[in-house]
Amino acid sequence: MPQISKKGSLMPPSPIRKLVPFAEKAKKRGIHVIHLNIGQPDIKTPKIALDAIKNHDIEVLAYSRTEGSDNYREKIADYYDKHNIKVTADDIIVTTGGSEALAFTMGSILDEGDEIIIPEPFYANYNGFATANGVKVVPIMATIENNFALPPVTEFEKKITSNTKGILICNPGNPTGYLYNHDEILQLVALVKKHDLFLIADEVYREFTYDGKKHFSILSEPDITDHAIVVDSVSKRYSMCGARIGCIVSKNKEVVQTAMKFAQARLSPPTLAQIAAEAALETPQSYFDAVIEEYVSRRDLLLRELQKIENIKIAKPSGAFYCVVELPINDADDFAQWLLEHFDIDGDTVMVAPAGGFYATPHSGSNQIRIAYVLDKEQLKRAVLILKKGLEAYLKS
């Protein structure tokens with residue numbers, strides 16, 4: 001029998017989606033599953049984006065430019081300008097989601113055997129993108145005790161070798177919800193300059209910052225023009241996950257030219273989705289004000305309800321819409337599966353994402369889960385009650 005590749009064998013399964021078969025079986029039994037496992041917002045997509053698709057007069061759905069349409073990239077540059085980030089359309093390549101932007105970025109700056117340093121826990125697919133490119137992820141452990149703040153830069157320096165090519169951060173973070181402050185960004189800027197590394201920032205949750213805190217983009221730092229690469233997406237910003245539109249942004253011309261070659265291999269990003277994404281850029285600030293107010297309200301309710309559970313640790317998010325919770329158990333994978341197979345309250349159960357898959361260090365995060373607070377407050381309250389009662393029953397079983 002022909003064998004699959006070693007690379008394919010090493011590709012990690014998604015910790016967010018791997019329990020889906022158990023959730024589907026629960027639904028077939030008539031159980032209502034409350035999904036806390038995936039960052040699919042229930043916020044409505046801006047009407048202006050949906051209307052742009054409905055009202056288009058395209059007669060031939062043709063390829064777009066490989067790098068994305070001129071109009072769209074120019075408007076993306078205008079969007080960044082409003083955030084005091086000075087880039088041009090030539091600094092931008094439109095991609096099929098932020099995922100493709102990450103894949104193109106890794107392919108452009110990393111060779112097989114190279115290393116990239118990432119504070120953990122981190123977005124689980126970083127592991128997959130690295131594996132697909134034959135790249136070694138070198139994790140630096142952040143801890144729940146300080147909400148997963150940036151680990152000391154001295155810890156990064158200990159891990160830098162001749163194979164190290166870059167540092168990757170998610171800001172605000174998935175799965176932690178941590179928002180790096182300006183001093184932390186400046187520490188990383190100084191580090192990549194000192195060691196001549198790339199600094200890649202996944203900034204797809206830029207708008208979602210709370211408690212009066214501000215987001216600081218690496219593209220705003222003048223000293224690392226050739227080092228900085230930003231990955232972005234419309235998925236969460238405009239609740240357009242299904243559009244699959246993202247982008248790479250860098251003032252490093254060689255990076256952009258190289259990423260363009262990867263982009264040419266997949267021909268072009270989706271035309272209709274670019275039309276929707278371009279229109280979404282006209283979304284008024286009032287939309288974001290209302291969304292942020294809603295997420296803060298959901299976060300605060302979630303934290304209040306979680307604090308009713310004994311012997312847990314909670315990281316308070318300052319951005320995005322995720323929360324990492326440490327439970328008094330040994331195996332969050334087993335607990336998450338048990339909830340779907342064996343526990344419900346009046347026909348309701350919950351699905352969470354075990355946090356172990358968000359780490360690269362073996363056995364780390366095995367007693368943690370990630371909760372996405374992308375549901376309305378009544379569902380969140382119900383879900384935490386089920387989690388609390390389920391945990392009590394699990395510990396007795």
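# Worked exercises on a predicted model

Glu 74 has its place in helix α4; helices (H or I, at least four residues) and strands (E, at least two) are DSSP runs, numbered from the N terminus. This is a predicted model, where local features need pLDDT of at least 70, side-chain atom pairs count only at pLDDT 80 or more, and totals for chains, interfaces and linings use all residues. Residues are numbered from 1 along each chain as its sequence is written, and side-chain values use heavy atoms, with hydrogens and water left out.

**Exercise 1. Decide whether Glu 74 is buried, partly exposed or exposed.**

Start with the cut-offs: buried means under 20% relative accessible area, exposed over 50%, partly exposed in between (1.4 Å probe, protein chains only). Glu 74 has a relative accessible area of 42%, so it's partly exposed. Now look along the chain: Ile 109 is 35 residues from Glu 74, and their C-alpha atoms are separated by 25 Å.

**Exercise 2. Do the job again for Val 256, and find what it touches.**

Val 256 lies in helix α9 (residues 253-265). Its relative accessibility is 10%, so Val 256 counts as buried. For touching, use contact, meaning heavy atoms within 4.5 Å. Skip residues up to four places away in sequence, and Val 256 touches Asp 90, Asp 91, Ile 93 and Ser 250. Take Ile 93: it's 163 residues from Val 256 in sequence, yet the C-alpha to C-alpha distance is 7.3 Å.

**Exercise 3. Work out how helix α12 is packed and capped.**

First, the helix itself: α12 covers residues 332-342, and its buried residues are Ala 332, Phe 335, Ala 336, Trp 338, Leu 339 and Leu 340. Next, the cover over those buried residues, which includes α2 (20-28), β1, β11, β12 (353-354), β13 (368-372) and α13 (377-396). Then zoom in on Phe 335: leaving aside neighbours within four places in sequence, it's in contact with Leu 327, Ile 329, Leu 387, Gly 390, Leu 391 and Tyr 394. Last, the cap: Asp 331 sits at the N-terminal end of α12, with a side-chain oxygen 3.0 Å from the backbone nitrogen of Asp 333.

**Exercise 4. Sort out the pairing of β11, then the open sheet.**

Two strands pair if DSSP finds at least two bridges between them. Strand β1 (residues 32-35) pairs with β11 in the parallel sense, over four bridges. Within that pair, Val 33 is opposite Thr 349 of β11. As for side chains in β11 (residues 348-351), Asp 348 and Val 350 point one way, Thr 349 and Met 351 the other way, and all are buried.

Now the open sheet: its four strands run in the order β9-β10-β13-β12, with antiparallel pairing. The edges are β9 (313-314) and β12, each pairing on one side only. β9 meets strand β10 (residues 322-326) in the antiparallel sense over two bridges, and Ile 314 has Val 325 of β10 as its bridge partner.

**Exercise 5. Find the residues that touch the most other members of the largest nonpolar core.**

A nonpolar core is a set of buried Ala, Val, Leu, Ile, Met, Phe, Trp, Tyr and Cys residues joined through side-chain atoms within 4.5 Å. The largest has 102 residues, and Tyr 80, Ile 167, Tyr 295, Leu 306, Phe 335 and Leu 387 touch the most other members. Helix α11 (residues 285-306) gives the most to this core, with nine residues. Another core, of 39 residues, lies apart from it, and Ile 109, Phe 122, Val 137 and Val 324 are among its members.

Note on methods
Polar contact = N/O pair within 3.5 Å; in protein donor to acceptor, adjacent residues only side chain to side chain.
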